[in-house]
Amino acid sequence: MNNKTINKVIDKNQIYLDVAQLHIDTIKNGFLPSLGIKFLALMYKCIDEAQFSILITNYKDYKLRGFVSGTLGTSNLYKAMLSHPLDLIFALIPMIFEIKKIKKIINILRYTSGSNRNKFPKSELLTICVHPNYHRQGIGLDLYKKLSQFFKSESVSEFVIIVGQSLNANSFYKKQGAKIATEIQVHSNIDSNLFIQKVD
Ligand SMILES: CC(C)(COP(=O)(O)OP(=O)(O)OC[C@H]1O[C@@H](n2cnc3c(N)ncnc32)[C@H](O)[C@@H]1OP(=O)(O)O)[C@@H](O)C(=O)NCCC(=O)NCCS
């Protein structure tokens, strides 16, 4: 089920909050959850509304079981967020004095526009999450296939996935045929794999 179907019964803003909450609950040690639910909900709103990106959800009985998001280029995503300046300011105001977080945001922006990242395809799977109650039931695979179909419809032949080396998701991506192209450090002391997935 994608958003176009579910929107008939669930308010869009509720979908963005559900997605943000599932992100926070399932990737507890990630950096983005530390930016708060308002920031994440705004990010997923921008991803859903823009032409160059996609948010695919899986709901059952009004409960979000999983979602995947992807983009044809992360720089477009940042521009889309800047086009909601007031929402962005309100989402970021609580961390205005948190220098470490601000440094990490700068690290992400620097990495995503830097020469290391530019060697690889621009299209990227941003996040995939399935609620722990529904793991190993094929929901992740279904979402991944739908994201691949989106990339195919945009004539994209391969896409990037960046994932912390400690996460189980590495096994999931390998199972789908993604190959590790390089190891990277977006933040100091956190090693990540950069996978490339070919689109059939
Ligand atoms: C990665 C994730 C999305 C997989 O979702 P899922 O719905 O459980 O995956 P599927 O049931 O479709 O699994 C498909 C195959 O992937 C592999 N796989 C999935 N989870 C795995 C795990 N934890 N360990 C090893 N292999 C795994 C298996 O081969 C599985 O097939 P099988 O169950 O027949 O053996 C889910 O574990 C998750 O949400 N993790 C937390 C969030 C996260 O870390 N996301 C990645 C960062 S962007």
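How do the residues of the shell around the ligand divide into nonpolar, polar and charged? The shell, taken as residues whose C-beta atom, placed from the backbone, lies within 6 Å of the molecule, divides into ten nonpolar, eight polar and two charged residues; here Ala, Val, Leu, Ile, Met, Phe, Trp, Tyr, Cys and Pro count as nonpolar, Asp, Glu, Lys and Arg as charged, and the others, Gly among them, as polar.

Before going on, I should say that this is a predicted model, in which local features need pLDDT of at least 70 and side-chain atom pairs count only at pLDDT 80 or more, while totals for chains, interfaces and linings use all residues. Residues are numbered from 1 along each chain as its sequence is written.

Of the 20 residues around the ligand, those that come nearest are G140, L141, N168, A169 and S171. Two or more shell residues come from each of β3, α8 and α9 (169-175), where helices (H or I, at least four residues) and strands (E, at least two) are DSSP runs numbered from the N terminus.

Two of those elements belong to a larger arrangement, since β3, helix α8 (residues 139-153) and β4 form a right-handed β-α-β unit, meaning that, with the strands pointing away from the viewer, the path from the first strand over the helix to the second runs clockwise. Strands β3 (residues 124-130) and β4 (residues 158-164) run parallel and are joined by two bridges, pairing being assigned when DSSP finds at least two bridges, and E124 stands opposite V160 in β4. On β4 there is also an antiparallel pairing, with seven bridges to strand β6 (residues 192-198), where E158 stands opposite K198.
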